[in-house]
Amino acid sequence: MKRRMPGVWLLCGWMMVIPLHLDGWGFFAHSRINYQAVFSLPPDMLVFFKPYQSFLTEHAADADRRKFILRSEAPRHYFDADAYDSTAWPCSWQQATLRWPAETLHHQGILPWSTLQVYNQLVEAFRQHDGKRILKLAADLGHYIADACVPLHACSNYDGQFTGQHGIHALWETDVPERLYPHFQLWVGKAHYLPQPSATIWQLIRESARAADTVLAVEKYLRHHFPRKAKYSYYLRKDQWVKGYSTTYLETYESMMHQMVERRMQQAIQAVASFWYTAWVNAGQPDLRNLTGVQFTHADSLEWKSLEHLQWNARKERTGYFKE
Ligand SMILES: [Zn+2]
């Protein structure tokens, strides 16, 4: 079934490796992107976003967790740019549905349109002065925008399944950011106002789509030229020695892509902050000072707990993962 992958276990074969690779940018990278984006906001927004920075960080991957209970969630995380003639987009959802059946659009991913939908909902939440809704939508919007910055989320060969490169999805968006993160420079400056949010999301998609070839070509080159014995090693993760890609291999991959993972992470942070900022400006720059003290209900925490539970169950049962 399309979009259903055998998961991390195929990556390693002979190795005992814990299942780290089930998620989009990886839960780690998504959380770092939302966390870092807060620092780019102006003081009038920081007054609300800074106290809830940990919320935005912890809930950066709720959108991925929802995929375990909602089938309709998966297509919101990718867009197969190469499935279309490049002159076919950008286009609005309405225009798209006039040209292609909705089923085809969902099959090939609806990331740009659903991101804009969440953006519009965030504008409305700011207008309504609804603190809880602002936080939930801002966390989700950060997630979808970050996904748009991932080349393999804009490409039908999303895990190298057409080219014998299974596992490349996790390599690019989980292994590299998690392991090389301490060397990344992620301060991106202030958020910008986006005159046309729809143009920005399509631009991010276009850049990701263009970069997908490099992501695949460099991995293919290394697959044949990097010494196999040096490709894997033990490394320390959460006080446990586990086997995975060696640091040298990850650094070589990132270096041959001219630090693409770091650059796309920077781009994601800048875009997330700018979308949040633009939503606030377009809502009329509401005063956020009196929004502090948002109360989450028992139902909220039950919902989050059940999402986490389902996610871990799915991992345990090795049910595979959807492209995120
Ligand atoms: Zn995702």
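1. Start with Tyr-253. Setting aside neighbours within four places in sequence, Tyr-253 is in contact with Ile-168, Leu-171, Trp-172 and Val-176. Its other contacts on that count are Val-215, Val-218, Glu-219 and Leu-222. Keep in mind that this is a predicted model.

2. Where does Tyr-253 fit in the wider picture? Tyr-253 belongs to the largest nonpolar core, which has 90 residues. Along with Phe-49, Phe-126 and Trp-276, Tyr-253 ranks among the residues with the most contacts inside that core. Which helix gives the most to this core? Helix α14, residues 260-282, does, with 13 residues.

3. Now the whole chain. The protein chain holds 15 helices and four strands. Of its 324 residues, 56% are buried. Take the contacts between residues at least 6 apart in sequence: 79% of them join residues at least 24 apart. The chain exposes about 14,600 Å². Carbon and sulfur atoms supply 53% of that area.

4. Next, the zinc ion. Which residues are its protein donors? They are Asp-64 (OD), His-77 (ND1), His-143 (NE2) and Asp-147 (OD). These donors lie 2.1 to 2.5 Å from the zinc ion. In sequence, the spacing of the donor residues reads D-x12-H-x65-H-x3-D.

5. Check the geometry of the zinc site. The angles among the four donor atoms run from 82 to 171°. The site is irregular. Why is it not tetrahedral? Four donors count as tetrahedral only if all angles lie between 85 and 135 degrees, and the range here is 82 to 171°.

6. Two of the donors share a helix. His-143 and Asp-147 both lie in helix α9, residues 131-148. They are four residues apart, about one turn of the helix. Are these two buried or exposed? His-143 has a relative accessible area of 0%, so His-143 is buried. Asp-147 is buried too, because its relative accessible area is 0%. The cut-off for buried is under 20%.

7. Finally, a pair of strands. Strand β2 covers residues 232-237, and strand β3 covers residues 240-245. How do they pair, parallel or antiparallel? The pairing is antiparallel, over six bridges. Within it, Leu-236 stands opposite Trp-241 in β3.

8. Look at the turn as well. β2 and β3 form a hairpin, with two residues between them. One residue in the turn is Lys-238, which has a positive phi of about 50°.

Definitions and conventions: Residues are numbered from 1 along each chain as its sequence is written. This is a predicted model: local features need pLDDT of at least 70, side-chain atom pairs count only at pLDDT 80 or more; totals for chains, interfaces and linings use all residues. Side-chain values use heavy atoms; hydrogens and water are left out. Two strands pair if DSSP finds at least two bridges between them. A nonpolar core is a set of buried Ala, Val, Leu, Ile, Met, Phe, Trp, Tyr and Cys residues joined through side-chain atoms within 4.5 Å. Buried means under 20% relative accessible area, exposed over 50%, partly exposed in between (1.4 Å probe, protein chains only). Contact means heavy atoms within 4.5 Å. Donors are N, O and S atoms within 2.8 Å of the metal (3.2 Å for Na, K and Ca); water is not among the atoms, so sites may look incomplete. Four donors count as tetrahedral if all angles lie between 85 and 135 degrees; four count as square planar and six as octahedral if opposite donors are over 155 degrees apart and all others between 65 and 115; anything else is irregular. Accessible areas come from the Shrake-Rupley method with a 1.4 Å probe; for residues, only the protein chains shown count as cover.
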